[in-house]
Amino acid sequence: MPENNLIVLKNIHKTYQMGQEQVHALAGVSIKVPKGSFWAIMGASGSGKSTMMNLMGCLDRPTSGTYHLNNRDVSQLDDDELSDIRLQNIGFIFQSFNLIPQLTVLENIELPMFYQGHEPDKCSERAREMVELVGLTDRLKHRPTELSGGQQQRVAIARSLVNDPPLILADEPTGNLDTATGEQILDILIDLNKKGKTIIMITHEDDVAKHAPNRIHMIDGRIAEREVYIA
Amino acid sequence: MRNSKFMRNFKLGLKDLLLHKGRSILTSLGVVFGVGSVIAMLSVGEGASEQAMDHIRRLGSNNILISSVRPSDDSKSGAEKNTRLNIYGLLYNDELRIKQSNIHVVQTAPAKIIKKLSRLGEKKLELRVVGTTPTWFEVVKRPFIVGRQIMQTDLDNHSAVCVLTEHGARKMLATENTIGQTITIGGDVFEVIGILSSDEAEGAMQTPDQRTDAYIPINVCRAVWGESVFQRSSGSFLLERVELHKIIVEVDDMDHVEETAESINAMLSRFHKKEDYHVNIPLTLLRQAEATKKTFNIVLGSIAGISLLVGGIGIMNIMLASVTERTREIGVRRAIGAKRSQIIMQFLVETVVLSGLGGIVGILVGISIPWAITKLTGMPTIVPMYSIVLSLGISMTIGIVFGIYPAMRAANLDPIEALRHE
Ligand SMILES: Nc1ncnc2c1ncn2[C@@H]1O[C@H](COP(=O)(O)OP(=O)(O)O)[C@@H](O)[C@H]1O
Ligand SMILES: [Mg+2]
């Protein structure tokens, strides 16, 4: 029974062993994320937002529960398989941009295609398209350190898009930016959502979250509240 | 196509290294000096042993050298000690016996050696006069600078002719024009018919080819000076009677040299009561030299191995530091979708590029050191091709061996932890 959901989490638990104590970072999370939707995840520090995002991003496996991504159970795949899922299906955007310092803007953007094994010419051609999309055509040969925060985040967005993944995960993408620049980054994300990308974004700012039609509030590893506005 | 991907891997590795130029250079210095010293040491060793080998080879690897030796005095009784005539050494008949006794003997050359003061024009010099036969020039193959060798007709006619050796000839100011002129040797007059080139290498082995040799027909030598020679010995004169000082035996094949020498030795011992001769085999010396060289190479190899090991550990150390420093980068690459194997590859490329470039620079250093040694001291050095190939191979291998552990460490980092790393 194929569904139109990109992500289906069923009763996900993630438990960390800290010495004698068990930390329930996620304590029974279930959610369905339809293709093409835009979500904001909110909650206090330590409420489990990042843990959930890491699971959805296939960087981690749940202690229990099932995770279907694109109708495929990815809860118990091995490291190489998860790497492949990330490579094909997921684009990450981080709070601190996480560009690779010794690589130029163009090379940073090419990197996911490089790991897919594309020919250098194709990589660079596609990377240039992405640069154009985020409006940094004149910075191709620059190093990340030569760019402003907003520009770096645009490069990161371009990098997350280069393999054309259906899902974009953003962990506080505007957290390190001033309000105006943050707005610009948000505009890009909203635009991408309109072009069909499913976007899940962690934020603790209401001003940022209000741009997302779907919002989740987390408390102590559970989803406490959801506001869903789907047509 | 694969090539272009390889090139990109290489370029990216180089880029990471160039980010920390100073550190990369310092790191690869271990390999640079390791490889450099290996090549330099091998080159000097190779040069020295090649020189020794060449010297031995010139004695003829197919030859057996038999020399007369004055028996030690201890073996003599008191009465004999007082005897003024000392008879010992190789006999004319020995040469004949050697020729006839062994099928592997191709030819023999006798040498009767006397030192005589000689004069050419105004120049005087003590020459080592070697009475011999034409076979000498076939057995001891040395090029003529000018003129001809002694022929059978010279012996038949008892011609007083003489072949000088380059070094002695130069001292006496003999030139091409001297051919056909006369030289006085110990009061007798000889016609100079040729000049042989000198054996420049001075080895430890006593060779008959001294640099001031004058070769004359052996029968002329016997006729002029007889068999007995006055020898100055501890203040008093001693009369010595030695028929032949040397016999050089040429053997048909290198493989037969040792057995032939043994059978000659056995045969001679039946005719000589005293130990008044010695059998020398240049081939054995050659073998010994080769064995020495092998030992030398093993020792050098061990030293080289240790220095390269140290270089490798240096690389590993830096790569481990680099992995720690770049934990976050590794996390980012893993999040993007890089597999563990791709992370391993990335770091391996870096270490191999590091050690490979170190190796190349080391080769340049290793080639220039022996070059400088030769330039400054005149000592011969040879850079063996295998040492270059070997060094390059070893330095690449070091990159892989010592790179694999840091690379695995990088690949096994937990992506989430790595991303959180500051
Ligand atoms: N690797 C870990 N080991 C132990 N505890 C962890 C680990 N990762 C997260 N936690 C704990 O799980 C809880 C949720 O963390 P996290 O998902 O990072 O929260 P948030 O992103 O909302 O601040 C916290 O109590 C945190 O301490
Ligand atoms: Mg967090």
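Three salt bridges are counted between chain B and chain A in this predicted model. One of the residue pairs joined in this way is B:R334 with A:D79, whose closest N and O atoms lie 2.7 Å apart. Polar contacts also span the interface of the two chains: ten residue pairs meet the rule, with both partners at pLDDT 80 or more.

On the side of chain B that touches chain A, the helices α1 (2-19), α11, α12 (340-377) and α14 (415-420) of chain B each contribute at least two residues. The largest share comes from α1(B), which provides eight residues. By character, this side of chain B consists of eleven nonpolar, five polar and eleven charged residues.

Taken over the whole interface, 27 residues of chain B are in contact with 30 residues of chain A. The area buried between chain B and chain A is about 2700 Å², and carbon and sulfur atoms give 55% of that area.

The confidence scores complete the picture. The model has an ipTM of 0.95 and a pTM of 0.71. For chain B the average pLDDT is 84, and 91% of the residues score at least 70. Within chain B, confidence is highest in helix α11 (residues 327-336), at a mean of 95, and lowest in helix α3 (residues 78-82), at 51. Over residues 200-206 of chain B the pLDDT is below 50, and this stretch has 13 contacts in the model beyond near neighbours in sequence. Where pLDDT is low, predicted coordinates should not be read in detail.

Terms used. Residues numbered from 1 in each chain as written. Chains lettered and ligands numbered in written order. Predicted model: local features only at pLDDT ≥ 70, side-chain atom pairs only at ≥ 80, totals over all residues. Heavy atoms only, no water. pLDDT = per-residue confidence, 0-100. Helix = DSSP H or I, 4+ residues; strand = E, 2+ residues; numbered from the N terminus. Contact = heavy atoms within 4.5 Å. Buried area = accessible area lost by both parts, 1.4 Å probe. Salt bridge = Lys/Arg side-chain N within 4 Å of Asp/Glu carboxyl O. Polar contact = N/O pair within 3.5 Å; in protein donor to acceptor, adjacent residues only side chain to side chain. Nonpolar A, V, L, I, M, F, W, Y, C, P; charged D, E, K, R; others polar.
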